Amino acid sequence: MPSSGIERNLIIKKLICLFLITFLTACVTVDPVETSSTRTTMVTTGDLGFISEKTSRFAWHPSLGNVVADERIDSEKIVRHMRASITQMMESKGYRLVSVDESPDLLIGFGLALESDMSDTEILKKTGLVPGLSTAGIDSDQYEKGSVLVALFKPMQPQPVWRVLAQGFTDFKQSGEQRQQGFDELISLMLRSIPSV
């Protein structure tokens, strides 16, 4: 625990560096992730056992690519950031992005929501998962809890086979470049258990 207000403020700044932007089967794991720059809480469920060298082509899920946030967030820009970050991470693992018309081996969907627009109760109801990151001691004028979901689907199956949901804090004072870097780091953490092909 910090012993002074200055230390507390430094910790809060570190908590939000990674997370968010201007911006859910099987075993469930909850991972509080501590790095030098932030703290996020993640919940993962599902089975990645279906992935092999024969499942290297992915496409975007046709209906799961949503941002639930108010006017402080440019939803179209966030969707572009999400797609760029996920594509970069998947390509680094040997996957190739194709169009949904090219018979992909898996589909990737995602969503992002701010707490003021979607509560943990609503997230749990919609996804079946919630990390439950506490907002105690957070300056709600500058920071807001945000949730990011990434889900993998087998083509032609309506339910995801694997999901990860992360929560952290949005700093609305970050520059676009800082947000993109933080978002890339978050997606890297979220997708780290997806095997390379």
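**Exercise 1. Find which residues touch the most other members of the largest nonpolar core, then trace where that core comes from.**

*Solution.* Start with the contacts inside the core: it holds 34 residues, and Ile 86, Val 150 and Leu 152 are the ones that touch the most other members. Keep in mind that you're looking at a predicted model.

Next, ask which elements chip in. Two or more residues each come from strand S3 (57–68), H2, S5, S6, S7 and helix H4 (176–190). H2 gives the largest share, with six residues.

One more step: there's another core lying apart from this one, made of 13 residues, including Ala 59, Leu 129, Ala 151 and Leu 165.

**Exercise 2. Work out which residues Ile 86 contacts, skipping its neighbours within four places in sequence.**

*Solution.* Set those neighbours aside, and look at what's left around Ile 86. You'll find Trp 60, Ile 108 and Phe 110 among its contacts. Carry on and you can add Val 150, Ile 187 and Leu 191.

**Exercise 3. Describe helix H2: its span, its buried residues and what follows it.**

*Solution.* First, the span. H2 covers residues 75–92, which is 18 residues, and runs 26 Å from its first C-alpha to its last. At 1.5 Å a residue you'd expect 26 Å, so the helix is close to that.

Second, the buried residues. These are Ile 78, Val 79, His 81, Met 82, Ser 85, Ile 86, Thr 87, Met 89 and Met 90. A handy rule here: an α-helix has 3.6 residues a turn, so residues three or four places apart point the same way.

Third, step just past the end of H2, where Gly 94 takes a positive phi of about 100°.

**Exercise 4. For Ser 103 and Met 156, say where each one sits and whether it is buried or exposed.**

*Solution.* Take Ser 103 to begin with. Its phi is near 50°, a positive value in a residue that isn't glycine. You'll find Ser 103 in the loop between strand S4 (96–97) and strand S5 (106–114). With a relative accessible area of 57%, Ser 103 is exposed.

Now Met 156. Its phi is positive too, at about 75°, and Met 156 is not a glycine. Its loop lies between strand S6 (143–153) and strand S7 (162–171). Met 156 has a relative accessible area of 81%, so it counts as exposed.

**Exercise 5. Decide where the prediction is most and least confident.**

*Solution.* Begin with the whole protein: the mean pLDDT is 77, and 74% of the residues reach 70 or more. Then go element by element: confidence is highest in S4, at 96, and lowest in helix H1 (residues 5–18), at a mean of 41. Finally, check residues 7–37, where the pLDDT is below 50; this stretch still has 120 contacts in the model beyond near neighbours in sequence.

Definitions and conventions:
Residues numbered from 1 in each chain as written. Predicted model: local features only at pLDDT ≥ 70, side-chain atom pairs only at ≥ 80, totals over all residues. Heavy atoms only, no water. Helix = DSSP H or I, 4+ residues; strand = E, 2+ residues; numbered from the N terminus. Buried < 20%, exposed > 50% of the residue type's maximum accessible area, 1.4 Å probe, protein only. Core = buried A, V, L, I, M, F, W, Y, C linked by side-chain atoms within 4.5 Å. Contact = heavy atoms within 4.5 Å. pLDDT = per-residue confidence, 0-100.
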